[in-house]
Amino acid sequence: MAHASRSEPFWWSLFAAGGVVAAFLVPIHVLLEGIVGPLGGPTPAADYDRMHAWLASPFTRVYLFVLISLPLFHWAHRFRFTLADLGLSRFGAWLAVLCYGAAIVGTALAAWLLITAP
Amino acid sequence: MPQETIQLVVTRFHPDHDPVPRFQTYTVPLHEDWVVLDALNYIKDTQDGTLSYRWSCRMGICGSCGMNVNGTPRLTCATFLREYAPGPIRVEPLANFPIIRDLVVDITDFMEKLPRVQPWLVRQDETPLTGGEYRQTPGEMERYHQFSLCINCMLCYAACPVYGLHPEFIGPAALALAHRYNLDSRDQGRAARQAEVYSEEGIWECTFVGQCSVVCPKKVDPAGAIQQEKVSAALDWLKSVVWPWGNR
């Protein structure tokens, strides 16, 4: 007898939220902080001092946490199913541990860096 | 002027004689208004009466003439030869299903899965016939109408790489039909469908490749239906976490 999955809605929700961030926020962030700023544009990435001042705000840190963490879970979910489709589905539980585990480690690392950064 | 022709390379398989399917080439007239099914009927009538395939209505309603045409699942009654001129055209049975003979596939797997999602009106409180019909506004009908247009032609299963790799997947058409009844204002069966629809073999197996919706001849959009069910399932899950004593 089949039963409704309890874990999939959780991982899928993170995947979906991460997809929104990856599709909408990441390209804008890369454009502003990765291209416009270094080219001399009016964004914090223009020089180190402005970047550092920008990072001082707790809002910036929350923003960066969301920007880093959610796309990691988006990647983890997509990569888990990609590996399953490549013929590794018999290692189902291990794939989940490996992929989501990596995203959790990445998230913890991001949190630690953002909390402890001066 | 001599009649223009086009070649059809057709899968042949007789379970008693052929260890594996083989191809046979036929040459048919290339008429402007002929579809692939016309060509198959022409072959059967004039060249080779042993060719087997399914068809009935010739107008995209019965859903029985689906085949892989040049690798893409199509209704052969709605696929013109001229699209593929000068040819040749490869006509194969629908992918992902066992072949019974030539272009005829065995869809037992789907027939077994379909009732599992209870694609009919489920009522907790059945109104007696004297109570009249269950009434519905045009707006309520509009919510599920698109998903009710499925003709069970199996093109979406032939196009779905997930079904090809994981045959336990309930699949696009059955899940789209479950969604159709979940959206119906007269239906009360969403909870009863959850065990199958929200299982690992149900919506969560889908990786949103979207090919099912691309090949659907009725624009049902099964991929969209499955994603909408995922959102509903995720909201159910969230509700069960923040409101565990709620009525579930």
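Let's start with what's missing: between chain B and chain A, the count of salt bridges is zero. Keep in mind that this is a predicted model. Polar contacts are another story, with seven residue pairs between chain B and chain A counted at pLDDT 80 or more for both partners.

So who is doing the touching? On chain B, α7 (190–197) and α9 (222–242) each supply at least two residues of the side that touches chain A. The largest share of that side comes from α9(B), which brings seven residues. Sort the residues on this side of chain B by character and you get eight nonpolar, six polar and six charged. Across the whole interface, 20 residues of chain B are in contact with 17 residues of chain A.

Now for the area. The size of an interface is often given as the accessible area lost when the parts come together. Here, about 1,600 Å² is buried between chain B and chain A, and carbon and sulfur atoms give 62% of that. On the chain B side, Trp204(B), Thr207(B) and Trp237(B) lose the most area to chain A, together accounting for 38% of what that side buries.

Let's leave the interface topic and pick out one residue of chain B. Asn68(B) lies in strand β3, which covers residues 66–69 of chain B. Asn68(B) counts as buried because its relative accessible area is 7%, under the 20% cut-off. What is Asn68(B) in contact with, leaving aside its neighbours within four places in sequence? The partners are Pro73(B), Ala158(B) and a run made up of Arg90(B), Val91(B), Glu92(B), Pro93(B), Leu94(B) and Ala95(B).

Note on methods: Residues numbered from 1 in each chain as written. Chains lettered and ligands numbered in written order. Predicted model: local features only at pLDDT ≥ 70, side-chain atom pairs only at ≥ 80, totals over all residues. Heavy atoms only, no water. Contact = heavy atoms within 4.5 Å. Buried area = accessible area lost by both parts, 1.4 Å probe. Salt bridge = Lys/Arg side-chain N within 4 Å of Asp/Glu carboxyl O. Polar contact = N/O pair within 3.5 Å; in protein donor to acceptor, adjacent residues only side chain to side chain. Helix = DSSP H or I, 4+ residues; strand = E, 2+ residues; numbered from the N terminus. Nonpolar A, V, L, I, M, F, W, Y, C, P; charged D, E, K, R; others polar. Buried < 20%, exposed > 50% of the residue type's maximum accessible area, 1.4 Å probe, protein only.
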